[in-house]
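Colleague: Could you take me through this model, please? I should like to begin with the overall chain and then turn to the ligand.

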Amino acid sequence: MDIASIRVQTIHADWLSAKILSLDILRLDKIDTVVSGNKWFKLKHYLQEAIAMQKNTIATFGGAWSNHIIATAYLCKEAGLKSVGVIRGEQPTVLSYTLAAAEEYGMDLHFVTRLEYQKKNEIVRQFASNDWYWINEGGYGQVGAKGAAEILQLVDPDSYSHIIAAAGTGTMLAGLLSSAHPRQKVVGISSMKGNHQLYDQIMHLIVENKPMPSLQIMHDYHFGGYAKHPQQLIDFINDTYLRHQLPLDIVYTGKTFFAIHDLAEKGFFEPQSHLLMIHSGGLQGNSSLPPEALVF
Ligand SMILES: *Cc1c(COP(=O)(O)O)cnc(C)c1O
């Protein structure tokens, strides 16, 4: 894993110059092919806290292609902690790429039905152990947001009018909001269909009482739902790679880049806006596609 390999990529395209916009991508995906950028930031303080509390095991939740699960497994291995993943759905005969890798990093996988998975408090109670440190699904929480707040230290804070990022739990957006300049605008692209609690979920994580940037959440770029990836999205991701050598994932960053393009064309950003998109990683999740689906 290599924080020093993070870099900013400037996108040159007619759809930007036509509206007098600039767009930079903060390539957190460059940290590692497995541990996607935003998960590294979100998890680091949880692991530190667990170690400080002398816990020996990190336990958390996720699905078969979860970036959070694979990142937790990897980082626990590095930190010398045991890890447990409570996985949504029956145990499959063949593990997904993500789960096989998590297991290889030493994670203990426990499969629970979708119904059981909804009752996370009960699962935590069943597994109760004083040596375990639990992290919410997706790393949701203030400790995660604190790590995500460090993302903007990687760029010149005055260079951008808009910070744009994908949202699942909203933890990354909470961190970006608390670290962006109040003059900047934070735009979140929700990967889920109709997740209208997202705004409150994010605000719940903001502890400081200081002027905040504005937050706008877009709910129209889910492409049918969280894990949905219609051909239109796949084609867009391939096209973006061929034009800009920018690899995107099908769950988060592909939808976010699409949204930026669409919003730009619709005149959402004022002329002269300087946009920064956070490439939050997640490329390992593309392994859920047939091998020839993507050009990269
Ligand atoms: C987990 C993840 C997100 C969402 O982050 P939240 O903090 O849950 O909103 C966005 N992009 C990628 C690539 C992710 O893996």
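Modeller: The following exchange covers the chain and then the ligand. Please keep in mind that this is a predicted model.

Colleague: How many helices and strands does the protein chain have?

Modeller: The protein chain contains eleven helices and ten strands. Its radius of gyration is 19 Å, close to the 19 Å that the globule rule gives for 296 residues, so the chain is as compact as a globular protein of that length. Along the principal axes, its C-alpha atoms fill a box of roughly 55 × 50 × 35 Å.

Colleague: Now the ligand. Where does the ligand sit?

Modeller: The ligand is located in the largest pocket. Three elements each give two or more residues to the shell around it: α2 (37-52), β7 (162-167) and α8 (171-179).

Colleague: Which of them gives the most to that shell?

Modeller: That is α2, with three residues.

Colleague: And which residues are the closest to the ligand?

Modeller: Of the 16 residues that surround the ligand, the closest are Lys-39, Gly-168, Thr-169, Gly-170 and Ser-280. By class, the shell comprises four nonpolar, ten polar and two charged residues.

Colleague: What lies 2.7 Å from a nitrogen atom of the ligand?

Modeller: An N or O atom in the side chain of Ser-280 does. On the backbone side, an N or O atom of Gly-168 is 2.7 Å from an oxygen atom of the ligand, and a polar backbone atom of Thr-171 is 3.2 Å from a ligand oxygen.

Colleague: How much of the ligand's accessible area does the protein cover?

Modeller: The protein covers 98% of the 390 Å² that the ligand has on its own.

Key. Residues numbered from 1 in each chain as written. Predicted model: local features only at pLDDT ≥ 70, side-chain atom pairs only at ≥ 80, totals over all residues. Heavy atoms only, no water. Near = heavy atom within 4 Å. Polar contact = N/O pair within 3.5 Å; in protein donor to acceptor, adjacent residues only side chain to side chain. Areas by Shrake-Rupley, 256 points an atom, 1.4 Å probe, with all protein chains shown as cover. 1 Å grid on protein atoms, 1.4 Å probe; cavity = no way out; pocket = protein on both sides within 12 Å on 5 of 7 lines; lining within 4 Å. Sits in = over half its atoms within 2 Å of the grid points. Helix = DSSP H or I, 4+ residues; strand = E, 2+ residues; numbered from the N terminus. Nonpolar A, V, L, I, M, F, W, Y, C, P; charged D, E, K, R; others polar. Rg over C-alpha atoms; globule rule 2.2 N^0.38 Å.
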